[in-house]
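Student: I would like to learn how to read a structure that I have never met before, one feature at a time. Could you take me through it slowly?

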Amino acid sequence: MPAWKGNERTARIREALGQDHEFVFVNGTVPTEPDTGAEAITDEFFGYVAHDIDEDRELCDNMAELVENQGPFDGLMGFSEGGTVAAMMLIEDARHCSFGGFKCGVFFCAATPWDPDLVRAGTLKRADPDADGVLLKIPTAHIWSQTATVDESRVHEGLSRLCDEKVREVFLHDLGHDVPGAKSEKGLAGALRAIEHVIENAESNIR
């Protein structure tokens with residue numbers, strides 16, 4: 001279930017993955033500033049995280065309700081803030097076996113997520129790989145830019161460290177804060193290899 005700001009970014013990835021995969025898009029509802037270049041696509045921009053504890057607790061509830069009502073889904077996929085929210089929901093499901101039963105996750109330029117248990121308790125605090133260790137044992141793909149800043153790379157790596165390295169794929173491209181697509185066949189091919197390995201591992205885990 002992809003979760004990101006507009007599905008235009010993922011068109012080439014979805015096309016390359018083929019028609020065997022069905023995607024459901026979850027749009028944000030929080031007004032926000034656009035990513036670079038997004039003005040050419042639309043003049044309205046929405047994110048997911050309000051940085052208001054009541055609204056962010058409601059986000060967790062709404063995402064869980066959507067999965068319960070429209071699922072089951074095999075996994076969650078997200079770009080940037082959408083990927084961070086996807087990781088948060090995967091962690092909640094992994095801890096409590098509460099609503100999804102997800103088999104994999106794919107993250108593009110995503111950061112270390114907020115701890116869902118703390119969000120529900122009234123605190124916005126990110127999960128910490130040093131303190132929390134591995135929180136996701138399902139196969140995951142982590143795709144971000146090798147031109148990211150030191151701070152950006154740290155939060156991308158932080159998310160990857162929350163995931164089991166035995167079933168974790170990492171691919172770095174040179175496209176900046178974006179999803180590999182038509183701009184780079186090399187970047188697209190690398191991203192697809194990572195995603196396909198994750199799908200294969202997820203499928204082998206349920207046989």
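Student: Let me begin with a single residue: in which strand is the place of Met77?

Tutor: Before anything else, please keep in mind that this is a predicted model. Met77 has its place in strand β4, which covers residues 75–79. Met77 is also buried, with a relative accessible area of 7%, and the cut-off to remember here is that buried means under 20%.

Student: Where does that strand belong in the protein chain, and how many helices and strands are there?

Tutor: The protein chain holds seven helices and seven strands, and read from the N terminus their order is β-α-β-β-α-β-α-β-α-α-β-α-β-α. Of the 207 residues of the protein chain, 50% count as buried.

Student: Is β4 mostly covered or mostly open, and which way do its residues point?

Tutor: For a strand, it helps to ask which residues point to each side and whether each side is covered. In β4, five of the five residues are buried. Gly75, Met77 and Phe79 point one way, while Leu76 and Gly78 point the other way, and all of them are buried.

Student: Which strand is joined to β4 by five bridges?

Tutor: The partner is strand β5, residues 104–108, and the two strands run parallel. To find one place where they face each other, look at Gly78, which stands opposite Phe107 in β5.

Student: How far apart in space are Met77 and Phe23?

Tutor: Here one compares separation along the sequence with distance in space. Met77 and Phe23 are 54 residues apart in sequence, and their C-alpha atoms are 9.4 Å apart. A second pair to look at in this way is Ala182 and Ala11, which are 171 residues apart in sequence and 9.1 Å apart in space, again from C-alpha to C-alpha. Ala182 lies in the loop between β7 and α7, and with 67% relative accessibility it counts as exposed.

Student: Which residues touch the most other members of the largest nonpolar core?

Tutor: The general idea is that in soluble globular proteins nonpolar side chains tend to be buried together. In this model the largest nonpolar core has 30 residues, and those that touch the most other members are Met88, Met89, Leu90, Phe102 and Phe107. Helices α2 and α3 each supply at least two residues of this core, and the largest share, seven residues, comes from α3. Phe107 is thus a residue you have met twice, as a member of this core and as the one opposite Gly78.

Student: Let me turn to charged side chains: how many salt bridges does a search of the whole structure find?

Tutor: The search finds 11 salt bridges. For each one, it is worth asking where the two partners lie and how covered they are. Arg120 and Glu92 meet with 2.5 Å from N to O, and this pair links distant parts of the chain, with Arg120 in helix α4, Glu92 in helix α3, and their positions 28 residues apart. Arg120 is partly exposed at 29% relative accessibility, whereas Glu92 is buried at 6%.

Student: Which parts does the salt bridge of Arg95 and Asp117 tie together?

Tutor: The side chains of Arg95 and Asp117 meet at 3.2 Å, N to O. Arg95 lies in helix α3 and Asp117 in helix α4, so this bridge ties together parts that are 22 residues apart in sequence. Arg95 is partly exposed at 30%, and Asp117 is partly exposed at 31%.

Student: What about Asp178 and Lys183: is each buried or exposed?

Tutor: Their side chains form a salt bridge of 3.6 Å, N to O. Asp178 is buried, with a relative accessible area of 15%, while Lys183 is exposed, with 72%. Elsewhere, salt bridges that share partners join Asp61, Glu92 and Arg120 into one network.

Student: Over which ring does the charged end of Arg126 sit?

Tutor: The charged end of Arg126 sits over the ring of Trp114, 4.1 Å from the centre of that ring. A search for aromatic pairs, by contrast, finds zero in the whole structure.

Student: Finally, how many disulfides are there?

Tutor: The count comes to zero disulfides. As for individual cysteines, Cys109 is buried, with a relative accessible area of 3%, and Cys163 is buried at 1%.

Definitions and conventions: Residues are numbered from 1 along each chain as its sequence is written. This is a predicted model: local features need pLDDT of at least 70, side-chain atom pairs count only at pLDDT 80 or more; totals for chains, interfaces and linings use all residues. Side-chain values use heavy atoms; hydrogens and water are left out. A disulfide is a pair of cysteine sulfur atoms within 2.5 Å. Buried means under 20% relative accessible area, exposed over 50%, partly exposed in between (1.4 Å probe, protein chains only). Helices (H or I, at least four residues) and strands (E, at least two) are DSSP runs, numbered from the N terminus. A salt bridge is a side-chain nitrogen of Lys or Arg within 4 Å of a carboxyl oxygen of Asp or Glu. Rings of Phe, Tyr and Trp (its six-membered ring) pair if their centres lie within 6.5 Å; planes under 30 degrees apart count as stacked, over 60 as edge-to-face and the rest as tilted. A charge sits over a ring if NZ of Lys or CZ of Arg is within 6 Å of the ring centre and within 35 degrees of the ring normal. Two strands pair if DSSP finds at least two bridges between them. A nonpolar core is a set of buried Ala, Val, Leu, Ile, Met, Phe, Trp, Tyr and Cys residues joined through side-chain atoms within 4.5 Å.
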